[in-house]
Amino acid sequence: MNLRQKLLLLLSLLVAVIVAAVAWTVLLRIRHVFEQRDQEETALFVSQFQREFQHRSAEVAAAVEHIAAGERARNIAFELAQSGDAAPYLTEAQALAQDAQLDFLEIVGPDGNIVSSAQWPARFGYPEPAATATQSTFLQSEDLPDGTAALGLFAVRAVRRSDPGGAQAVRIVGGKRLDQSFLADLPAAPGMTISLYSDSGPNANTATSPQPATPAFDPARLVSTAGSVTGTARYQPLIDSARKTGQASSGILYLTDRREDSVSATAIPLKSESGSVLAVLTVAISRSGMVEAQQHIRAIAYGVAAGGILLAILASLWIAARVSGPIEQLAQAAEQVAGGNWEARVPERGRDEIGALARSFNHMTGELVAQRDRLVQTERVAAWRELARRLAHELKNPLFPLQLTVENLMRARDLPAAEFDEVFRESTQTLCMEIANLKTIIGRFSDFSRMPKPQLERIDINDALRRVAQFYFPATARASQATADDPSSESKIKCTLGVTSDPLFIDVDPELLHRALSNLVLNAMDAMPDGGTLTLSAQPKGETAELRVADTGEGLTPEECERLFTPYYTTKQHGTGLGLAIVQSVVADHHGDIAVESRVGGGATFVITLPRADETAS
Amino acid sequence: MLRQIAISFLVAVLLLPAAARTRPHYGGTLRVEVEGDPWQRPGGLARQMVLDGLTAMGTDGTAGPALAVEWNSDNDNHRWQFRLRPGVHFQDGTPLSSANVVASLTAICGAGCPWTALHAVGSSVVFTSDSPLPNLPELLAGDDYRIALAGAGSPTGAPASIGTGPFQFTAFSNGVLTLAANDNCWQGRPFLDEVEIRVHRSMRDQWLDLSVGRADLVEVPAEQLRQAHEQRLTVVASPPVSLLAITVSDSGALSNPNLRAAIAFAVDRSAISNVIFQKQGEITASLLPAELTGYSFLFSPDRDQNKAHELRGGVTPPLLTLTVEGGPAMQLAAQRIALNLRDAGFNVQVASAGAPQHVDLALRRLTLESSQPQPALESILRAAGLAVPVMEQSPEGLYKVERQVLDTHMIIPLLYLPRACAVGGRVRDLLLSPDGAPQLAGVSLEDAP
Amino acid sequence: MTPKKLFCLVAMFASALMTQAADTAPAPSAWEQPAAALAEQIAGILGPGPAHLTIRNLSKISADEIPAIRRRLEQDLKAHGVQASGAESANAIRVTLSENLRERLWVAEIVEGTETRVAMVHVEPGAAQQESSTSAVALHRQSVLTTRAPVLAAVETADGFVVVEPEEIVIFAHSADSWKEQNRMGISQRKPLARDPRAVIFSSPEGQGFEASVAGMACIGANQQAPSPADWTVHCRESDDPWLLTLPQQIATGSTPDENVHVTPLRAFYNSARNYYTGVVTPSLGVDLPPFYTAVLLPRPDGAGFLINGIDGKVQLVEAAMLKPIAGTRDWGSDFASLHTGCGAGTQIIVSGSGEALTDSLRAYELPAQEAIPASAPLAMEGTITALWAAPDSKSVFAVVRKTAGEGQADQYEVDRVTANCN
């Protein structure tokens, strides 16, 4: 990942994190605010509900009181006390209920039995437990003829007999339904849904089997001002909790799969006089506002984040242009320098650190070039010095015998002719030999300076190794043991050939390769004056072929390894020091590599890596 | 019981207009209001004014001559021959013939007639049956077998409405059925010129119209008799001639006779009689009232919840349907019965009659059409859709039949109720027929010109 | 009084006695047969042995007779080996004395363990029909004569029976045991008769003549040369004179003849175009009367009262120059007449029944105050009463009954004499 990408990522992350943090904070805050508002609204509604409930209770009580105090009721009570005959009043309750606009009305006689019932006329004569209620008004579930029950707010008042000294004889039990119309009268805030769940179990008087303490939840019994309620089944846990515990319970309900349809609901149990829960009033405040706000904020956050990221991209691009570009340039230039192109330069812009860095880089490369030049010059000088020294050394060796010989000749001039002839003969022989040696040395140098371009041919590297081995170890070529007629002067050196079973083709100049291998073999033989083992092997290494020339001689020090391929560097007493340079040159001309693995006393292994021939191209 | 009859009669008599009978005046239009359909069978007012039967029930409970002047039976009451009254014409002038009578009776009951065959023989009509029909004359006096000119439809869509009675159909518009006096009626022209029957009028509106003089004769349901007296209406009431009973299906859930018996024990007749019908009824557990038989006390009307539970035996039958037709009192009675049955462990739902469903229980009113016990029992059983067994003419035989029928618990008598109507000040000489229906043919109006 | 008349009166009295005898409550021995029959049935079901016997009465048998019935039953049961007593026993016999419209019915429920069987005995209708023992009088009727023509009024004279028909006056003479038409004289009506024609006729004090009024005509008849009925002469003329309502008579207001009140004859103007009296009577009674159909004189504690049946349907009594409404007249028919029986209050009002039934009835009422109290059971007639008036001696009333005839026959009109005897 480059700096630009890192910058981009970093800036984007930064922007995203900041935006996310801000958005999350805002969302939390909004949620908190909305929830607080919901709680306040719910609390307000509950207090208003209680007021409305009391108001309705008062209305019912007043209506029932009015009926009980009315002349008709008093006459009924009087006549009932006189005659005990309740039959004439069978339909009284219906008329009274209609006049008073009550949904329920029963006239209950002194014996506690119903005289007349508006909501269930056929129940005359049955006992009415509500007639003995102690509270002024109370909730009650009233059984109806169709087997259902309806929730109502009831009041009970006693009727005083119309005779002056009469005692209370007859009771009026009246009530109004708590149903949708009651809910409609409640002051619901916008977005608030008021629902009522009532347990309308079967008629308790005629139940043929024991009823469970808390009947199963029935979604159909939950009604609101609009009639049915959306997602009634979702209310079940809340309502069941309120029914079981008798306490209000709250929670968030998801009425559909959409978050906008979630509500903040509170279930308030409505209890009878005995404390049993008859109904549950649910207040559900829509969270759509909050959700929408949250979604709005999220959208804004996303937008801001996207914008921020875009800005970050632009910023990063700008920064990259201003910072990472020069840095990349610097990096590229550094790579170039590392690759050997010390001429690499970077533009110098600005006066900031990047500019200073660029200038420093340029300065550095310039210095490097200069130093390289100087080094090259120095090395060249050193190499020339070395070459001169080697040349002087090499030349001096044959030149000294030449000099001696000439001197001998000069001195032999004074000698008798016969001695002079012999001396002349030996001296001329020596002169010729030394002149040949000089010519050889000069020929080496000349060869090194005029290394030919390789003429590539595809050969099996195994054949090259065999050729070299056969050249220097014929016996080895035929067999694997060194024999006395090994042409090598060190007849104790054993040559081992490790070739592959399959051909290993490379594109090389066979002669050059032979020459390089020969140099290596010679050096290896020179390194084992007391004998040893010389191993020639080749193996494929991926797309390259690896040639190994290993000896078991003295080994090389690390320093020697470093300078080994320097022309004219040699560890031998004699030699031009060009052998390994030639090897390196040949390997380099073939786009290969040469390395040495050695340790002191552990021999040395020269490893030549050459690219394998592209067999598909052949 | 006789005392009750006398009292009823006396009550009826005392409630007549507070004046001695003046000589009848001819003319005038009698305005009648009814809640139901005056053409309905049985007991429709218009039917009784427009149509006659072969026989008519006398005040002594025996069948007297009407369109038939005499009759005889042979072959142990398997064959009856009725000789028609000569000189009688339908209201459109068609002479009454045996063929017309046969056609009319065949149209009435078709294959469901009590007789097997019916033939016109000269001026006589001959009935033959596989089982003896000892009370055929009384049966033919019933409202179901009035003779109409077959094929003569009515503009109102009502059944055939051309008969031989004292009144004839003239018009029906705006809910008012107009019947005009039949000048050629074989019984003599009625005193009234016209009778206007306003149909489907609520009870409240009927009484209101009566009180302001817009109506001359209105209905008074049994449960409102006391109220009518309190409002000082002039009421004419019959003895208890209408039997309130529950008919019980013997199929489905109630094929078990123990369940039917449990139902019989579960019903609280006292509450229905004393409260719903305001003590105007007589509680009964027998099909015939005491004044007809003298042994109705042998059938106990007491409620026994324990027995009901015992007979139900812990079985909880499926939901039973109790159908009812009639006014608010009938509906309330049905509701009360449903409540009683629920107390006994039955699950009952009240529905209006006519709903297309299997009927388990039906609350019905069956009318006594004769004051003779055997014909009366026969008419009750036929009206209830029960088989009519051969019955002896003795009280013991009658008791056996009644006991046998009631032990099946397919009919549960509850109470007997009177039929009544209220009349305005100008109505004279209103009598009630044995089944409690007002006999308008003999009515005259006080202020008729 | 001629022997024939005496014979008739005796015959009537005898028949009245016989009827009364038939109508009285049966003697306790009448329960023997039903008790024996019931005991036999019970014994046949239960068999010999002890049993707990209870009796309840749901009929009109008086409570005084129940112990006797019980004793009878116990005796009969014992004769069959059933020891019936009041002691508790595993076997129980519940006897219910019931009745229906036509007869009495005695029902026994025999309880053996958990099984109950029923036995019934019905008692003959003759023994069951029991008139109210509270009736003061019992009415009886006797047919006098039957004609085919409508009879508007009739009177018995010394020599015959004079019948007023709508257009003729017919004289009947007694022949053997019936009346035979002797003479028929036209009234010569010039105006068409109104619907529901009416007439009145009174015999002259000596019984040799009569005075009749019919629809705008007044007729005087006389038998000039008795005893031949052919010598009757009738003179009719158009007349608007008031009709004679009552003859001069003594009204008994107390228990002694000294308390009798002499009443002058009353006449009332009749609307011949209609069928009622206009309300103008002479001599005046001191109060304006409404138009009325019928009127009779009644003895009252303070003198005579004049009872009228107004065309508005109200029955009122003119007493002490005041018009007082009479209650309890709802079932009164269109006609009434007074009858002096000497039973109860002494004088009763015989009233025709209300309704247009095929048969009418007559019933006696008393007016102790301003309420009509039934004093007899209804006496069924064989047709519709079209006219009713008191005989001159007020000891009987005559009723004209229209009898609907059978097929192809015209109606017949029967003149019945109705008398009463004390219960």
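These questions and answers walk through a predicted model, chain by chain and contact by contact.

Student: How many helices and strands does chain C have?
Tutor: Start with burial: 47% of the 423 residues of chain C count as buried. Among its contacts between residues at least 6 apart in sequence, 49% join residues at least 24 apart. The count for chain C is 4 helices and 31 strands.

Student: What share of the residues in chain A is buried?
Tutor: Chain A has 13 helices and 17 strands. Among its contacts between residues at least 6 apart in sequence, 64% join residues at least 24 apart. Chain A has 618 residues, and the buried share is 41%.

Student: Which helix gives the most residues to the largest nonpolar core?
Tutor: That core has 47 residues. Those with the most contacts inside it are A:Leu513, A:Leu534, A:Phe606 and A:Ile608. The helix that gives the most, with 8 residues, is α11 of chain A, residues 510–527.

Student: How many residues are in the other core, the one with A:Leu90 among them?
Tutor: This core lies apart from the largest one. Its members include A:Leu90 from chain A, and B:Ala266, B:Ala344 and B:Leu414 from chain B. The number of residues is 44.

Student: Which residues is A:Ile608 in contact with, leaving aside neighbours within four places in sequence?
Tutor: A:Ile608 is one of the residues with the most contacts inside the largest nonpolar core. Its list includes two charged residues, A:Glu546 and A:Asp593. The other contacts are A:Leu517, A:Leu520, A:Ala545, A:Leu547, A:Val583, A:Val587 and A:Ile594.

Student: Is A:Glu546, the salt-bridge partner of A:Lys541, buried or exposed?
Tutor: The two side chains meet at 3.1 Å, N to O. A:Lys541 is partly exposed, with a relative accessible area of 43%. Buried means under 20%. A:Glu546 has 8% relative accessibility, so it counts as buried.

Student: How far apart in sequence are A:Glu41 and A:Arg37?
Tutor: Their side chains meet in a salt bridge, 3.8 Å from N to O. A:Glu41 is partly exposed at 21% relative accessible area, and A:Arg37 is partly exposed at 32%. Both sit in helix α1 of chain A, residues 3–69, about one helical turn apart. The separation is 4 residues.

Student: Why can residues four places apart in a helix point the same way?
Tutor: The helical repeat decides it. Residues three or four places apart point the same way because an α-helix has 3.6 residues a turn.

Student: What is the N to O distance between C:Arg184 and C:Glu181?
Tutor: C:Arg184 is partly exposed, at 33% relative accessibility. C:Glu181 is also partly exposed, at 36%. Their side chains meet in a salt bridge, and the distance is 2.9 Å.

Student: Which residues of chain B are linked in a network of salt bridges?
Tutor: Over all chains, the search finds 54 salt bridges. The network in chain B links B:Glu33, B:Arg198, B:Arg201, B:Asp209 and B:Arg214.

Student: What area is buried between chain A and chain B?
Tutor: On one side, 14 residues of chain A are in contact with 16 residues of chain B. Carbon and sulfur atoms give 60% of the buried area. The value is about 1400 Å².

Student: Which residue of chain A forms a salt bridge with B:Lys279?
Tutor: There are 2 salt bridges between chain A and chain B. In this one, the closest N and O atoms are 2.5 Å apart. The partner of B:Lys279 is A:Asp85.

Student: Which strands stand at the edges of the open sheet β6-β31-β30-β29 in chain C?
Tutor: The sheet has 4 strands, and the pairing is antiparallel. Neighbouring strands are turned by 25 degrees against each other on average, direction ignored. Each edge strand has a single partner, so one side of it is left without a neighbour in the sheet. The edge strands are β6 (137–147) and β29 (384–390).

Student: What is the bridge partner of C:Leu388 in β30(C)?
Tutor: β29(C) and β30(C), residues 397–403, run antiparallel. They are joined by 6 bridges. The partner of C:Leu388 is C:Ala399.

Student: Which residue takes a positive phi just after α5(A)?
Tutor: Helix α5 of chain A covers residues 236–245, and its buried residues are A:Leu238, A:Ile239, A:Asp240, A:Ala242 and A:Arg243. What covers them includes strands β6, β7, β8, β9 and β10 of chain A. Just after the helix, phi is about 75 degrees at A:Gly246.

Terms used: Residues numbered from 1 in each chain as written. Chains lettered and ligands numbered in written order. Predicted model: local features only at pLDDT ≥ 70, side-chain atom pairs only at ≥ 80, totals over all residues. Heavy atoms only, no water. Core = buried A, V, L, I, M, F, W, Y, C linked by side-chain atoms within 4.5 Å. Buried < 20%, exposed > 50% of the residue type's maximum accessible area, 1.4 Å probe, protein only. Helix = DSSP H or I, 4+ residues; strand = E, 2+ residues; numbered from the N terminus. Contact = heavy atoms within 4.5 Å. Salt bridge = Lys/Arg side-chain N within 4 Å of Asp/Glu carboxyl O. Pairing = 2+ DSSP bridges. Axes fitted to C-alpha atoms, helices over the stretch in contact; angles between N-to-C directions. Buried area = accessible area lost by both parts, 1.4 Å probe.
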